[in-house]
Amino acid sequence: MSNDKINNAIFEAFFRQAIKDDYREEIDSIPNNVELSQKYILSPAFELRMKRLFEQEKQKKTLFERNNFFRQAAIILIAIATLLFGTLLINSEARAAIKNVIIEWYDKFTSFSFVTTSSQTSHANLYPSYLPEGFFEESAEIYDNFTFIIYMNGDNERIIFVNSTGSSINIYIDNEHHLFEDHIINGHTAYLAKSTDPDFDNAVIVTTGEYVIEVWSPLSLDVIIKVAESVFEK
Amino acid sequence: MLLLYCAMLDTEHERDELTKIYEEHKHAMFMYALKMTKDNELAEDAVHNAFLSIINHKEKYFSLNHKEFRCLSVVIVKNKCIDLLRKEKHYAQVPFEELELYLDGDEEPIEEQVIAKTTYIDIRNNMKNLDEISRQVLIMKYYFDMSYKEIGKELNMTPKHIDIRIMRAKEKMRKLIKMDEKYYEQ
């Protein structure tokens with residue numbers, strides 16, 4: 001190996017190590033959190049923004065993973081039930097006990113299941129044309145068969161708008177904190193879920209056959225019905 | 001019923017984990033973001049965007065210990081700063097190479113550097129003279145062992161661009177060391 005090549009190899013080795021050591025030292029030299037928090041003040045608006053981001057993340061998980069969980073749990077329960085069915089066929093007491101567990105489990109939630117006929121991307125153009133005064137679009141996420149928008153106002157009240165298509169849409173709302181009522185919005189079947197607990201949102205669910213619209217908010221049902229109605233008013 | 005509670009616990013645990021990570025690292029990330037953007041609002045935007053990225057890859061990040069996460073979070077927030085500075089109106093039409101001048105090392109001019117005797121120390125001393133974007137690329141390449149493609153995705157650059165940037169950084173470093181040697185010999 002020529003001298004140049006040896007020198008290059010040495011330089012390369014030192015260079016790589018220097019990068020690593022330099023960065024490691026830089027991270028180690030960061031002051032502790034007490035000192036940092038005294039020197040760098042994050043604005044209250046920013047802290048609120050981060051809190052909303054984490055809440056939004058939790059909402060998304062609640063909407064998606066609850067569906068996933070119930071789907072999986074239902075499969076497991078059906079499998080167990082099928083397994084037990086054979087051995088417990090002659091035992092009526094055991095059969096009654098299993099049945100009660102499933103009913104009790106489903107009793108906690110009211111499930112709305114929809115099948116739509118719309119194509120994947122055509123849902124993307126449906127938005128509310130009415131929002132209460134002071135509300136603005138805070139974030140919007142558009143997926144293949146799902147649009148998820150959060151509207152906020154200056155008092156940090158929020159309206160969550162969801163527009164879905166797909167061959168199987170399941171929405172679960174817990175019974176303990178909601179009262180349900182059928183409704184009609186612009187000629188479409190709608191379901192109202194009135195919250196009985198201030199920690200839980202009111203909800204309006206509208207199905208058109210092509211789409212399922214959901215509007216969730218701590219605001220009154222009258223207001224969010226108006227928001228849902230405006231989706232169909234062009 | 002147990003399955004239901006376990007599922008809820010997982011969600012609650014992840015939510016607590018995210019909040020814990022945020023509280024532990026927000027100030028350090030803000031410090032770096034402020035240093036790069038020199039603007040409180042932009043720095044906060046960068047930290048917010050960094051956490052968006054962290055949330056999207058939380059399975060990867062939640063398993064890291066405090067030190068490992070700190071190392072990675074600094075890189076992430078710096079990348080977000082670069083994105084924001086690029087998008088800022090003032091720099092929207094400016095080529096990426098000019099952006100690096102804005103993020104150039106802020107130490108003394110090369111001619112005034114005091115050199116050390118060995119190659120390794122020379123390189124360490126001149127690290128601060130590399131522009132921030134090149135440093136980011138080098139850290140992602142050599143510290144985190146990321147591929148050119150992965151680095152390019154983070155910084156919105158092509159793999160070829162990454163390769164050229166690394167080569168330029170090495171060439172610059174060699175020149176800096178040579179200049180230091182001449183200065184020392186004088």
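Trainee: Why is the crossing of H4(B) past H8(B) called left-handed?

Mentor: H4(B) passes H8(B) that way because a crossing counts as left-handed if the near helix is turned anticlockwise from the far one by less than a right angle, and right-handed if clockwise. Bear in mind that this is a predicted model, where local features need pLDDT of at least 70, side-chain atom pairs count only at pLDDT 80 or more, and totals for chains, interfaces and linings use all residues. Residues are numbered from 1 along each chain as its sequence is written, while chains are lettered from A and ligands numbered from 1 in the order in which they are written.

Trainee: Which residues make the contact between H4(B) and H8(B)?

Mentor: On H4(B) they are B:Val75, B:Lys78, B:Asn79 and B:Ile82, and on H8(B) B:Ile133, B:Gln136, B:Ile139 and B:Met140. Contact asks for C-beta atoms, placed from the backbone, within 7 Å.

Trainee: What makes one residue of that contact charged?

Mentor: Asp, Glu, Lys and Arg count as charged, so B:Lys78 fits. Ala, Val, Leu, Ile, Met, Phe, Trp, Tyr, Cys and Pro are nonpolar, and the others, Gly among them, polar. The tally is five nonpolar, two polar and one charged.

Trainee: How many helices does chain B have?

Mentor: Ten, with zero strands. Helices are DSSP runs (H or I, at least four residues), strands likewise (E, at least two), numbered from the N terminus.

Trainee: And how many residues of chain A are in contact with chain B?

Mentor: 31, against 34 residues of chain B. H1(A) gives the most to that side of chain A, with twelve residues.

Notes
Contact = placed C-beta atoms within 7 Å.
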